[in-house]
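Welcome, and thanks for taking a look at this one with us. Please open the sequence and the model side by side, and we will walk through a sheet and some helices together.

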Amino acid sequence: DVLPSPEGPVPSVSITEIRQYLRAQGIPFHDGYSCLHTPSFFTDGREDQPSPAASAPYTLFIDKMTGSFLCTATLAEGTWQDFQANVELQHRGVPSPSSEEPEEDMRRAREDARCIWDRALPLWELLDEEETNKTKAMFGISLVTDATLKRFGVRYLRTAKSLVFPWFSPRDATLKGLKLVRVEKKGDAIAYVEETLPRFDSYRNLFGLPLISRRDTELVLTGWELDALALHQATGVASLALPRGATCLPPALLPYLEQFKRITLWLGEDLRSWQAAKLFARKLSLKRCSLVRPGDLQPRPLEALNQGLNLTKILRAALPASHKSIVSFRQLREEVFGELVNTEQVAGVKWARFPELNKLLKGHRRGELTVFTGPTGSGKTTFISEYALDLCMQGVCTLWGSFEINNVRLAKIMLTQFAAQRLEDQLELYDEWADRFEDLPLYFMTFHGQQNIKTVIDTMQHAVYMYDITHVVVDNLQFMMGHEHLSVDR
């Protein structure tokens with residue numbers, strides 16, 4: 001995914017400007033947690049629209065950070081500029097366009113999803129009980145009841161030995177996509193491999209959303225579909241799963257979470273899930289969020305169910321995300337213990353390909369700056385792209401600012417390193433590797449050569465909000481700053 005180019009960066013808009021504009025235009029709104037809510041001008045005169053209940057007429061949500069909007073009734077969406085353009089059209093009496101038809105790729109992905117969905121069998125209706133039990137055991141969900149699987153509509157695709165999780169439109173319950181999960185054995189350990197239709201960057205599912213009622217005010221957000229099943233079964237609370245787990249929380253999903261007065265984040269059992277939960281809570285508004293701290297007695301929900309732990313009790317013990325400016329050691333006590341227990345994880349994400357580097361740097365940690373220096377042609381870019389790719393393959397969301405070589409050349413280097421072979425000699429393999437490469441949480445800035453430092457920082461901040469970036473690479477500083485700065489303020 002390429003971020004907006006420097007010629008036309010996203011014009012930033014402040015929440016104050018958005019409020020002033022709405023007031024000036026006489027548009028009623030109320031302040032939500034991460035969005036402003038206004039009545040939608042996309043629903044006017046649509047026969048298929050149920051008349052909105054008096055309690056919830058505001059179906060258009062404007063993101064407080066970016067100004068982009070989404071109408072949950074019609075799924076129309078766009079930038080702040082699009083919103084203003086629509087308001088102008090309204091004044092001239094031109095009806096608003098309804099949400100556009102999905103483009104060709106999306107349409108094809110939906111057709112493929114429909115074919116797979118039709119071939120998959122409801123998990124509780126396999127040939128015989130033995131096959132059902134075997135399949136459940138393989139995914140570690142023996143304790144998840146058929147009633148729960150039925151409620152969430154989980155199916156099984158025999159040919160691919162995969163569980164199939166549907167993505168239904170919250171508006172009209174049509175099938176919009178799927179996630180397939182299969183199990184791979186690696187020695188004694190088992191790994192879960194996921195695949196989505198449509199592809200990951202446009203897969204905006206909150207698994208379990210159609211089961212939420214308007215009256216629900218409390219929610220648990222999990223990082224995995226099977227966790228949502230376990231949680232709902234054990235506690236009966238409304239629970240949703242994020243499409244990319246602890247990797248990111250796309251802002252496009254925030255409007256669907258506005259109705260909840262209390263959100264508990266229970267994303268996983270490692271320290272990275274904990275850090276992600278703290279990051280997501282800032283997006284969702286700290287004052288309504290609580291976090292389940294990972295630990296031996298608080299593993300991920302499915303694991304807790306399998307171990308016979310009391311999930312309701314764990315939820316009750318969730319810590320509020322916001323704390324006052326002054327704390328006592330008593331409040332920090334659990335955190336300190338967590339750091340002592342998980343010294344390896346505290347050291348950061350380890351590099352898989354560079355054991356020697358792990359000895360030096362211990363791992364990649366947020367909030368740290370690492371500077372690599374060396375003469376021209378010594379292999380800095382080649383090494384850094386391998387170094388960043390290593391982390392990216394482990395789910396660290398990465399933003400590249402390549403000011404020296406262009407993005408096409410950089411992507412070619414990284415794709416070759418990712419495939420670990422010369423693709424120019426085997427072009428028939430290109431699409432397969434490119435598809436896999438495309439699923440990495442990797443983004444490129446489109447700057448080249450000397451840049452205004454403020455523009456670059458603004459772009460980075462935008463990327464952090466939109467894609468939950470936790471690793472930024474600048475290559476290289478000299479090119480970004482231009483040569484005249486170097487002598488003055490190194």
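Across which strands does helix α3 lie, and at about what angle does it run to β9? Keep in mind, as you look, that this is a predicted model.

## The sheet and the helix across it

Helix α3, residues 104-119, lies across β6, β7, β8, β9 and β10. Its direction makes an angle of about 65 degrees with β9. In sequence terms, β7 covers 155-157 and β8 covers 162-168.

The sheet beneath this description is open and has 5 strands, in the order β6-β7-β8-β9-β10, with antiparallel pairing. At its edges are β6 (121-122) and β10 (189-197), each of which pairs on one side only. Follow β9, residues 175-186, and you will find 9 bridges joining it to β10, with the two strands running antiparallel. To find your place in that pairing, look for glutamate 184, which stands opposite alanine 191 in β10.

## Helices α1 and α2

Next, turn to helix α1 (residues 15-24) and helix α2 (residues 80-91), whose axes come within 12 Å of each other and cross at roughly 5 degrees. Angles under 35 degrees count as roughly parallel, so α1 is roughly parallel to α2.

Which residues make this contact? From α1 come Ile18, Tyr21 and Leu22, and they meet Trp80, Phe83, Gln84, Val87 and Glu88 of α2. Sorted by class, the contact holds 6 nonpolar residues, 1 polar and 1 charged.

## Helices α13 and α14

Another helix pair is α13 (residues 380-392) with α14 (residues 407-419), packed at an angle of about 60 degrees with axes 10 Å apart. The two helices are therefore oblique to each other. Their crossing is right-handed.

On the α13 side, the contact uses Thr381, Thr382, Ser385, Glu386 and Leu389. Leu410, Ile413, Met414, Gln417 and Phe418 contribute from α14. The class count here is 5 nonpolar, 4 polar and 1 charged.

## Helix α6 and the glycine after it

How many of the 11 residues of helix α6 are buried? The helix, residues 225-235, is mostly covered, with 8 of the 11 buried. They are Glu225, Leu226, Asp227, Ala228, Leu229, Ala230, Leu231 and His232.

Just past the helix, have a look at the backbone: α6 is followed by glycine 236, which has a positive phi, near 75 degrees.

Methods: Residues are numbered from 1 along each chain as its sequence is written. This is a predicted model: local features need pLDDT of at least 70, side-chain atom pairs count only at pLDDT 80 or more; totals for chains, interfaces and linings use all residues. Side-chain values use heavy atoms; hydrogens and water are left out. Two strands pair if DSSP finds at least two bridges between them. Helices (H or I, at least four residues) and strands (E, at least two) are DSSP runs, numbered from the N terminus. Contact means heavy atoms within 4.5 Å. Axes are lines fitted to C-alpha atoms, for helices over the stretch in contact, and angles run from 0 to 180 degrees between N-to-C directions. Angles under 35 degrees count as roughly parallel, over 145 as roughly antiparallel, 65 to 115 as roughly perpendicular and the rest as oblique. Ala, Val, Leu, Ile, Met, Phe, Trp, Tyr, Cys and Pro count as nonpolar, Asp, Glu, Lys and Arg as charged, and the others, Gly among them, as polar. A crossing is left-handed if the near helix is turned anticlockwise from the far one by less than a right angle, and right-handed if clockwise. Buried means under 20% relative accessible area, exposed over 50%, partly exposed in between (1.4 Å probe, protein chains only).
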